[in-house]
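Subject: Structure for your review

Dear colleague,

Please find below the sequence and structure that I am handing over to you. I would be grateful if you could look through them before reading the notes that come after.

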Amino acid sequence: ADALFGPDAAMALTPNDYCNVAGLACTSMSFTLGPEIVDAELQIAHPNAHTLDMARSQLKALRTMGCTNVGLVTPYIDLVHINNVKMLESGGDVTVAASVNLGLVKSEWSSMVDQQTIIDAVQRTKAISKTPLDAVVIGCSALRVCVPGFITDLESTTGVNIVTSTQSFYWNCLRTGGVDDQIDGYGRLFSDF
């Protein structure tokens, strides 16, 4: 893990004395490494910072919004997608009732997925669920969904809460850092919580 993520990488984020929140901004790396490793590595460089990551941010957002029955959309291959499902269900209070993964075999392809494909995947996830969904989680920070208006429009179109990796991570960083501003255009998570 040190080659990809270690004290040198964490120290490059910001000087120690100014950092009160440090986080890992990669969803799959977050749930693959696990919170213990993520926290230990970030705390080497920023021992006084609150540490978080995208996986835990997804869960915190779902719990804050009261969402227990969710769908999941990811660009991942089956093995990584299944691990995202396991992470979401690990606390016992969230059930992934339906999911769609795009099966992309190269990570750089994730940022090339267009918004219509993501919209279609969310609608498909909602359609295949045997029970009404409280939210659909869009996993992977590389998917370009955290742009002004997209999440709010998708919630309006689908009638379901949308929680994305990037949106929930930014929200968690801000809330953990003491910033409680409500922001329109990035879904109910930012406007209502």
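The notes below set out what was found, beginning with the salt bridges and ending with the surface.

Please bear in mind throughout that this is a predicted model.

Salt bridges

The count of salt bridges comes to four. Arg56 takes part in a network of salt bridges that also links Asp39 and Asp53. In the pair formed by Arg56 and Asp39, the closest N and O atoms are 2.7 Å apart. This pair links distant parts of the chain, since Arg56 belongs to helix 4 (residues 54-65) and Asp39 to helix 3 (residues 35-45), with their positions 17 residues apart in the sequence. The side chain of Arg56 also meets that of Asp53 in a salt bridge, at 2.8 Å from N to O.

The members of this network are covered to varying extents. Asp53 is buried, with a relative accessible area of 1%. Asp39, at 18% relative accessibility, also counts as buried, because the limit for that class is under 20%. Arg56 has a relative accessible area of 25% and is therefore partly exposed.

A further salt bridge joins Arg188 and Asp192, whose closest N and O atoms are 2.9 Å apart. Both residues lie in helix 9 (residues 188-192), and because they are four residues apart there, about one helical turn separates them. Arg188 is partly exposed, with a relative accessible area of 32%, and Asp192 is partly exposed as well, at 40%.

The loop before helix 3

Gly34 is placed in the loop between helix 2 (27-33) and helix 3. With a relative accessibility of 11%, Gly34 counts as buried. Its C-alpha atom is 9.4 Å from that of Asp53, although the two residues are 19 residues apart in sequence.

Packing of helix 6 and helix 7

Two packed helices are described by the angle between their axes and the distance between the axes. For helix 6 (residues 115-128) and helix 7 (residues 150-158), the axes come within 11 Å and cross at roughly 35°. The crossing of helix 6 and helix 7 is right-handed. On the side of helix 6, the contact is made by Gln115, Ile118, Ile119, Val122, Gln123 and Lys126. Helix 7 contributes Phe150, Leu154, Thr157 and Thr158 to this contact.

The loop after helix 6

Lys130 is found in the loop that runs between helix 6 and strand 5 (135-138). Its relative accessible area is 81%, so Lys130 is exposed. The C-alpha atoms of Lys130 and Ala97 are separated by 7.4 Å, while the two residues are 33 residues apart along the chain.

A nonpolar patch on the surface

Which residues make the nonpolar surface patch of about 540 Å²? They are Ile77, Leu79, Val105, Trp109 and Met112. Of these, Leu79 lies in helix 5 (residues 78-89). Leu79 is exposed, because its relative accessible area of 58% is over the 50% that this class requires.

When you open the model, the network of Asp39, Asp53 and Arg56 may serve as a starting point.

With kind regards

Definitions and conventions:
Residues are numbered from 1 along each chain as its sequence is written. This is a predicted model: local features need pLDDT of at least 70, side-chain atom pairs count only at pLDDT 80 or more; totals for chains, interfaces and linings use all residues. Side-chain values use heavy atoms; hydrogens and water are left out. Patches are made of residues with over 30% relative accessible area and no salt bridge: like charges are joined within 9 Å, nonpolar side chains (Val, Leu, Ile, Met, Phe, Trp, Tyr) within 5 Å. Accessible areas come from the Shrake-Rupley method with a 1.4 Å probe; for residues, only the protein chains shown count as cover. Helices (H or I, at least four residues) and strands (E, at least two) are DSSP runs, numbered from the N terminus. Buried means under 20% relative accessible area, exposed over 50%, partly exposed in between (1.4 Å probe, protein chains only). Axes are lines fitted to C-alpha atoms, for helices over the stretch in contact, and angles run from 0 to 180 degrees between N-to-C directions. A crossing is left-handed if the near helix is turned anticlockwise from the far one by less than a right angle, and right-handed if clockwise. Contact means heavy atoms within 4.5 Å.
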